[in-house]
Amino acid sequence: MRKEMIGTGFGGQGIQLMIKIFASSLYNKGYLATFKSDYGPAVRGGKSSAYIVIKEFADDWPEIMEADVLIALSQQGFDFWIKEIKQDAIVFYDPATVKLGQKDGRKYYAVFASEIANDLEDKRAVNMAMLGGVVKITKMIVLDDIIEALKQTRKFSETNQKALEQGYDRVERKTN
Amino acid sequence: MIEININQERCKGCDLCLNLCPKKVFEESDEIGKQGFKIRKPINFEECSKCGLCQYFCPEGAIALDGKFLISDSWEKAQKLKEIAINQNVSRGGWKTIKTYFPGNHFVSGNIACVWGAIDAGCKMFAGYPITPANEQSFEMERLMPKIGGIFIQMENEDSSLAVLCGASLSGAKSMTATSGPGFSRMSENLSFALINELPMVIVNVQRTGPSTGRPTGTGSGEIREARWSSHGGTEHIVLYPSTIQEIYNSTVKAFNLSEEFRVPVILMLEASNAHLQENVEIPEEINVFDRIYFPGDPVFGFEKNSIVSSMPKYGDGEILKVSGLTHNRWGVPCPDDAQVHEEMVEHQRRKIICSADYLTDIDEYLLEDAEIMIVACGHTTRSIKWAIDRAREKGIKVGMFKLNILYPFPEKKIEKWSKQAKCVLVPEMNQGQLFYIVRESSCSPVISLPQPDGENIDPRRILKFLERDLTKYYRQSLPMCFPTFYNPLEWQKEKEEKEEKVFTPDTIFCPGCGLGILRNCLLEAIDEANIDFKKIVAVSGIGCTSRLPNHLPFDSANTTHGYPMPFATGVKLVNPDSQVIVISGDGDSFSIGAGQMLHGIKRDMPMVVICVNNSNFGMTGGQVAPTTPLGAKTSTTPFGSRSKPFDLIGLALASNVKFAARCLISKPVMLKKVLKQAMNTDGLAFIEVISPCLTYYGKRNKLGTPSQTYDRLDQSYISKTKAKKLSYEEMKEKFETGFPFRKNDVEIVDQELLHLIYGKFSSLPEYMSFVPNKQKKQNFSGEEK
């Protein structure tokens, strides 16, 4: 089954790393994943996005057409992508930075990433907290896969692990 | 008593021997020589003090003292060394199986896959310049190259990167560069040099959205036509166009193999979309790679009737490898006046590719057997098309894809075959329609272009929609096509008489009395005295009068493109650190078009000798104003006098932190020889400015007189460092004003023996500055006139 995911936020929030880690753990688990990130001035501030496509077969179209999953960490990115994704898509958002719009058929999940990061006294942990929530709901991989992928990139720290675990616990289904 | 002979066949009648001999041994006789003027004869043998100055001053090396010519010794020595080398060297090259560095499955981007492919294929040299979206290749190369004993260098611009590759390739290293649209356009001059000299190398072009800077982060395929036609003069080369990440890896290995096999630059076309896409790539444990063929003593450039690709020696093999951007025969001897040689040369270069077109055809045919609509595409777009074809087939649309993996040579026959079956041909591409025109040339059915030049991938749904809804609008009557047949231009050449092949001789192309001949005498003597192995020497030059000098020297040489001798020399030196590189360049070559490259070359401070021959104008092209033309001097483009001050070349070199800088006069050859000898023993880079006025253009326009008069003036106009110390500012001012036209408004710096040497990076700089008779500086540093 073809799946498309978009992660979006401000440049500097760690969107690229979050999606890249997610993509590599999916790849390690045997999914036919591809990863691509925005490239350009946007990643140094402003809207930054990264994409995962899980292909149906090896030669499938590897780029985004209509996303099944949106992970939003900023209002700007959320507003931009919410129009482009599928009607029954799953949307993960951080209630501290994103306000939902009108009611539609999509499933909204709030991950309290900013709160978790504040508790851990490290703002950089926002992306990992978010990822913890995403992993729980999508059920494609387990948290240990993420930690294993993190360890390969030398970005691994205890704070990151804690953030992942807390994010995994603090996900709520929301209706707008 | 000494025996003096003059080789009358070489003598050009410059009269330097007559006038510059301190004892006046030579005289003009009434006999008319073969060259058509009165021959010079040594008369007063009794007077001769055997100083040997006449030998140094004879630009053609035509004077023999006691039966010995100055340059002939070097020539004979070089020929003997060549014979020994040919007997000792063993042939090398061919296919071999090697292990890869990263076997197994990996999740990497296209850029990384490309670098890994290059490293597995044996790439040992990467030169690049930062440009989006090819940057990741530089990062990865920088990380990996030291681990495998290769070289990574970031150059001052893209043109220089390609010049470095030329030097590295001739030194025996497989080399590669990666760039993007604007950089690729800059490279076309040096690409042409690589093509005429058949140098194997791989150029990766990660395409972005043009024209100009355009959308630097967008994708595109706007260089489909440029990749084929980017070099001037038009020769054939190979262009690969991979699509998936796996194909990028495989194509990079293939690109290196083809470039070595055919001795041709191969261009690998990536797109920003697949260069940044991360996907699975499976790397085998072993791959087959090809190394260039070398047979000792074989012709270097292939005009042999039976061979497709000729033997390729490298610098240091001892074969006196001559490389030139000029038309050259099979031994590398420049013959720009010979039309027949040129035709044979370009025809060989074209033929070796187009005769192998079947071998070089690499296409994928997807559902073409019963296709009514044939889609022709290459690169990332093919994946989009495949998605659309699968959906369209479900709906009963008979559509198939013709995927190009090798873009050039273009598979015309295959296109012809499949397009006959189809009703129409569709060409979707990420530009305004380039592949469309190429397909149309060989298609038998109407061709429809589906361009999308916005810098985004073509959405598969767009193609599907087009197939379902819009295509029928574009059907039109099929036109009869005819294909041109190529006439073999060499056939009528066979009817011509066979000419004698030009061989490598000491005869020069320079004007009578030209200082370049004197420089050659000094250089050969200096090399002889410094006892440097001829095998190690590589002489590199750019374009211009000066740049023809390496062609007249008896060791490995290269006559590169305009302004790029320094990057080329860098490439040679990096790959082969033992070599003694001598850069011989003119003032226009090194400080007009190549100013940036020269200064960066000096900054890199690699041990080599850089000789900049300052002739105050552009001699080869008719005496135009140069960056070194003195204020007020007349040239063909400044008939009322130059309006700007000239560059101070030594000053520029010093500002670039050169360790050894010297200014010499061509009228003092013995001193020049000493300086050259000293320069060859320097640790870092040695920069020598040689003042050698152009007698033909600059001399005539500024009424400098005969060669000997000019050299006399030269001696008078320049003042030594010690003499300058004794004179007051006012006196020196007068001195230099009378010294027109070699006067610059500032003082020339030459020491007691007409040279100025500076060791150490900064310590001598203020001292040098102190001799500039700028009023303020004089007061500041000498403290005399306050």
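**Sheets, helix packing and the A–B contact in a predicted model**

In this predicted model, strand S21 (residues 424–429) of chain B and strand S22 of chain B pair in the parallel sense over 5 bridges. Within this pairing, Pro428(B) has Leu450(B) of S22(B) as its bridge partner. Both strands belong to an open sheet of 5 strands in chain B, ordered S17-S19-S18-S21-S22, in which the pairing is mixed. Strand S17 (363–366) and strand S22 (447–451) of chain B are the edge strands, each pairing on one side only. From one strand to the next, the twist averages 20 degrees.

Two helices of chain B are associated with this sheet. Helix H13 (residues 381–394) of chain B lies across S17, strand S18 (373–377), strand S19 (399–404) and S21 of chain B, and runs at about 165 degrees to S19(B). Helix H15 (residues 435–442) of chain B packs on the sheet and touches S18, S21 and S22 of chain B. The direction of H15(B) makes about 160 degrees with that of S21(B).

Another open sheet in chain B consists of 3 strands in the order S1-S4-S5, with antiparallel pairing. Strand S1 (4–6) and strand S5 (68–69) of chain B each have a single partner strand, so one side of each is left without a neighbour in the sheet. S1(B) is joined by 3 bridges to strand S4 (residues 63–65) of chain B, and the two run antiparallel. Asn5(B) has Ala64(B) in S4(B) as its bridge partner.

In chain A, helix H1 and helix H5 (residues 143–152) pack at an angle of about 110 degrees, and their axes are 9 Å apart. H1(A) is therefore roughly perpendicular to H5(A). The crossing of H1(A) past H5(A) is right-handed. From H1(A), the residues involved are Ile21(A), Ser24(A), Ser25(A) and Asn28(A); these meet Asp145(A), Ile146(A), Glu148(A), Ala149(A) and Leu150(A) in H5(A). By class, this helix–helix contact has 4 nonpolar, 3 polar and 2 charged residues.

Between the chains, 14 residues of chain A are in contact with 16 residues of chain B. On the chain A side, the elements giving two or more residues are helix H1 (15–28) and strand S2 (33–37) of chain A. The side of chain A that touches chain B has 7 nonpolar, 3 polar and 4 charged residues. H1(A) thus appears both in the packing with H5(A) and on the side of chain A that touches chain B.

Key. Residues numbered from 1 in each chain as written. Chains lettered and ligands numbered in written order. Predicted model: local features only at pLDDT ≥ 70, side-chain atom pairs only at ≥ 80, totals over all residues. Contact = placed C-beta atoms within 7 Å. Helix = DSSP H or I, 4+ residues; strand = E, 2+ residues; numbered from the N terminus. Nonpolar A, V, L, I, M, F, W, Y, C, P; charged D, E, K, R; others polar. Pairing = 2+ DSSP bridges. Axes fitted to C-alpha atoms, helices over the stretch in contact; angles between N-to-C directions. Parallel < 35°, antiparallel > 145°, perpendicular 65-115°, else oblique. Left-handed = near helix turned anticlockwise from the far one by under 90°.
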